[in-house]
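Work through the exercises below with the sequence and the 3D structure at hand. Each task is followed by a solution in steps.

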Amino acid sequence: MRIAVVGGGPGGLYFSALAKALDPSADITVWERNAPDDTFGFGVVFSDETLGGIEHADPVFYARMARQFARWDDIDVHFNGTVTTVGGQGFAAMSRKTLLQLLQQRCAGLGVGLEFQTEAPDVESLSREHDLVVAADGANSAVRARYPGVFSPSVELHRNKYIWLGTDLVFEAFKFYICQTPYGIMQVHGYAYDTSGSTFIVEMHEDVWRRAGFDASAASALAPGVSDEKSAARIAELLGDVLAGHRIFVNNSKWQSFGTLSNATWRHGNIVLLGDAAHTAHFSIGSGTKLAMEDALALAACLHEHAAIDAALKAYEAERRPVVLSTQRAARASLEWFENISHYTGQGSEQFAFNIVTRSRRITYDNLRLRDPEFVAAMDAWYRRHEAERGVMPAVHDARPPMFHPFRLRTLILDNRVVVSPMDMYSAVDGVPGDFHLVHLGARALGGAGLVMTEMVCVSPEGRITPGCAGIYTAEQERAWARAASFVHAASSAKIGIQLGHSGRKGSTKLMWEGIDEPLEEGNWDVAGPSAVPYSASSQTPRELGRAEMDAITAQFAAAARAAARAGFDLLELHCAHGYLLSSFLSPLSNLRQDDYGGTLAGRLRYPLEVFDAVRAAWPAELPVSVRISATDWHEGGNEVEDAVQIAAAFAAHGADAIHVSTGQVVSDEQPRFGRSYQTPYADRIRNEVGERYGVAVIAVGAISSYDDVNSLLLAGRADLVAVGRPHLYDPNWTLHAAADQDYSGPGACWPPQYLAGRRKPPAGRTDGPRPRLTLVRQPDTGTRHSRWRPGSQAGPAVQPSLEAASVDER
């Protein structure tokens with residue numbers, strides 16, 4: 001096999017070494033335009049997971065790497081004059097220059113051809129003359145640029161500015177410095193890469209960057225390889241306290257805005273993209289080097305496993321793309337956290353430290369409890385004090401996970417922070433909830449959640465989504481709901497909330513399992529909305545509501561609120577999300593009105609606020625009202641998070657007690673970015689901008705499926721309550737089982753007396769039985785690993801013990 005590799009960075013070299021080791025007969029040539037000792041940047045960091053793959057794939061190369069590693073376990077967060085240390089992280093770093101030298105030596109030893117200071121031949125020629133062409137030529141790939149219509153690259157530029165520097169200050173741990181300057185917040189990401197120096201990345205919001213005057217030097221055109229010396233000198237002046245008299249180094253150092261690169265495909269015939277040529281992910285969760293070397297390993301393995309090139313390249317992309325997308329989602333969460341860092345600087349040092357290390361959602365509460373149990377125990381104690389001090393719960397004196405703390409909304413006190421999400425069941429008859437609803441809601445209440453929410457309960461027959469949707473506009477419906485509420489109160493300690501809504505233009509459709517959002521073919525009814533704009537091309541066109549009809553619907557909402565109070569509900573939620581009537585008034589995509597109820601956001605808010613005021617007036621003053629919103633429409637021209645902050649603030653100013661933060665479902669051609677906990681950044685933003693200012697609670701929801709994520713969101717201050725939906729369909733006892741899995745028993749997880757005998761997790765099999773002693777001399781438990789990088793010192797890094805949790809290191 002003849003293989004051409006364009007680009008002699010770590011990804012291209014590592015692939016070449018692995019492919020040659022697997023097939024010594026392969027003819028592999030690497031073309032690199034720079035000299036062998038040219039490199040841009042300073043250090044690279046590897047996770048234990050990546051290092052495990054390198055060790056397994058090439059033990060010889062790994063052994064050479066390991067001798068060069070700077071190793072440490074601690075993260076130090078310097079914030080507001082304090083230093084908070086989080087241990088057990090397991091970092092390994094080295095000089096990028098050293099890494100390239102080791103890879104070059106390995107390739108040369110295996111017989112790979114290395115052509116330095118040489119431009120690669122034309123890619124068309126390479127493709128004809130070789131079996132495979134690997135484009136490892138970076139984010140500005142010339143190979144990729146030859147086929148833009150095939151690869152279809154897209155780059156999303158982000159708001160922060162950063163510059164990559166080095167320093168002769170050798171850090172003992174990974175360092176986050178949050179620096180308050182006269183111009184705003186600047187943050188430093190720092191880590192040692194060998195005995196002589198550290199990487200020193202300075203990052204800040206573009207507004208801070210401009211106020212500090214960095215835009216002046218950045219405006220000067222700098223040739224490739226030339227550094228912005230003026231900015232480096234200015235940084236040394238501004239961040240002198242961090243540097244403590246040490247020098248800053250430059251190496252092609254200049255201001256950049258990070259661009260997240262994606263490609264529609266990574267392959268074209270026998271040409272394949274690798275590393276930054278295929279994808280990029282923000283440096284705050286892992287270097288491009290790490291991803292490129294993982295790509296290289298996968299590509300070499302797939303070529304070895306498949307006889308045909310085409311099959312191998314398909315397998316490579318199928319294997320790596322999901323991993324890369326997951327990494328890019330985590331990177332987005334991390335970079336957006338740093339873009340919005342000013343929202344968190346009001347937090348205490350403890351919570352801020354927990355927040356920064358869990359920002360990407362890859363490191364979590366449970367993960368930290370394995371790595372640094374002392375830190376998590378201290379955070380648990382802090383959370384108990386903090387939540388009681390801010391008055392959202394009665395004093396708690398026992399140790400418990402965050403999710404099992406009580407929460408107060410007006411006079412209502414919830415046992416814990418878990419909410420069963422409103423989920424449409426489409427099983428009512430003429431709007432009347434039946435035995436199914438009693439069992440469905442009753443089972444989740446018995447399952448331990450603090451608050452159980454009904455599905456969207458419609459305020460009129462024409463306000464239903466489907467013929468199977470429940471209502472509360474007749475006496476029979478009210479009695480049926482009273483039966484369900486009564487059971488929940490009698491059989492459990494849970495509270496029950498009702499969600500009121502009107503389908504608007506999304507009404508008169510089939511049951512979900514018959515065709516979601518598809519219009520009824522018979523038995524249909526007319527639908528209405530703020531404007532005559534259908535939800536989709538196949539949807540019924542709504543009539544535009546007039547003033548009299550709007551007043552009538554407002555009265556229906558108020559009547560439904562009074563009926564819900566008589567039925568015994570503890571909380572009322574107004575549904576202003578997901579494209580239903582009130583949501584469609586809020587969105588500029590569905591509200592094209594020219595009167596006082598359209599146009600600006602204030603105009604679009606007017607009718608939903610009128611309905612809210614009427615509901616609040618009809619609902620008992622001592623009981624809480626929540627509002628569910630879509631924080632983004634996931635569509636160009638629609639509402640974005642900045643609009644959602646204003647919408648949440650408006651409802652809070654009118655007396656809302658909680659904002660339930662969902663997203664989308666406003667237009668049929670939305671483009672959501674799905675993923676684990678994908679909506680929580682919106683809840684986070686609203687809680688930190690609106691929640692603290694108005695004293696309103698924030699409920700996070702959306703693909704939250706583990707108790708670990710619930711605990712992490714609460715402790716980081718991203719939400720006050722967490723709504724969990726589909727996991728409660730899978731397991732009605734999800735909350736109680738979460739308590740059992742965390743060895744918690746107490747008032748935050750109330751087992752029904754009939755079920756007390758089952759409150760312990762049953763053994764799964766023989767492996768759960770008592771284990772024999774197989775160690776003659778037991779090693780003492782040394783607690784959390786807190787080794788630090790102190791080259792030449794007796795107190796240097798300890799030998800790395802095995803730690804399963806270390807496989808999700810951010811770096």
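**Exercise 1.** Find the residue of β25 that is the bridge partner of G497, and state how the two strands β22 and β25 pair.

Solution. This is a predicted model.
Step 1. G497 has L571 as its bridge partner in β25.
Step 2. Further along, Q499 stands opposite E573 in β25.
Step 3. Strand β22 covers residues 495-501 and strand β25 covers residues 571-576; the two pair in the parallel sense over four bridges.

**Exercise 2.** Name the strand that five bridges join to β25, and give the residue that stands opposite L572.

Solution.
Step 1. The strand is β26, and β25 and β26 run parallel.
Step 2. Opposite L572 stands V625 in β26.

**Exercise 3.** Sort the residues of β25 by the way they point, and decide whether the strand is mostly covered or uncovered.

Solution.
Step 1. In a regular strand the side chains alternate between the two faces of the sheet.
Step 2. One way from β25 point L571, E573 and H575, and the other way point L572, L574 and C576.
Step 3. Six of the six residues of β25 are buried, so the strand is mostly covered.

**Exercise 4.** Place these strands in their barrel, and give the order of its strands.

Solution.
Step 1. Eight strands close into the barrel, in the order β20-β21-β22-β25-β26-β27-β28-β29, with parallel pairing.
Step 2. On average, neighbouring strands of this sheet are turned by 25° against each other, direction ignored.
Step 3. Helix α23 (residues 641-653) packs on the sheet and touches β25, β26 and β27; the direction of α23 makes about 165° with that of β26.
Step 4. Helix α24 (residues 680-694) also packs on the sheet, touching β26, β27 and β28, and the direction of α24 makes about 175° with that of β28.

**Exercise 5.** How many disulfides does a search of the whole structure find, and is C576 buried or exposed?

Solution.
Step 1. The search finds zero disulfides.
Step 2. C576 is in no disulfide: its nearest cysteine sulfur, that of C458, is 14 Å away, whereas a disulfide needs two sulfur atoms within 2.5 Å.
Step 3. The relative accessibility of C576 is 1%, so C576 counts as buried.
Step 4. C179 has a relative accessible area of 12%, so C179 is buried.

**Exercise 6.** Does the distance between the end C-alpha atoms of helix α16 agree or disagree with the expected span? Which elements cover the buried residues of α16?

Solution.
Step 1. Helix α16 has 17 residues (residues 373-389), so at 1.5 Å a residue it should span 24 Å.
Step 2. The end C-alpha atoms of α16 are 24 Å apart, which agrees.
Step 3. The buried residues of α16 include F375, V376, M379, W382 and Y383.
Step 4. Among what covers them are β6 (82-86), α14 (349-357), α15 (365-371) and α25 (707-715).
Step 5. After α16 comes G391, with a positive phi near 80°.

**Exercise 7.** Where do D517 and Q665 lie, and what is the phi of D517 and of Q665?

Solution.
Step 1. Most residues other than glycine have a negative phi.
Step 2. D517 has a positive phi, near 65°, and lies in the loop between α19 (512-515) and β23 (528-529).
Step 3. With 25% relative accessibility, D517 counts as partly exposed.
Step 4. Q665 has a positive phi, near 65°, and lies in the loop between β27 and α24.
Step 5. With 33% relative accessibility, Q665 counts as partly exposed.

Note on methods
Residues are numbered from 1 along each chain as its sequence is written. This is a predicted model: local features need pLDDT of at least 70, side-chain atom pairs count only at pLDDT 80 or more; totals for chains, interfaces and linings use all residues. Side-chain values use heavy atoms; hydrogens and water are left out. The expected span of a helix is 1.5 Å times one less than its number of residues. Buried means under 20% relative accessible area, exposed over 50%, partly exposed in between (1.4 Å probe, protein chains only). Contact means heavy atoms within 4.5 Å. Two strands pair if DSSP finds at least two bridges between them. Axes are lines fitted to C-alpha atoms, for helices over the stretch in contact, and angles run from 0 to 180 degrees between N-to-C directions.
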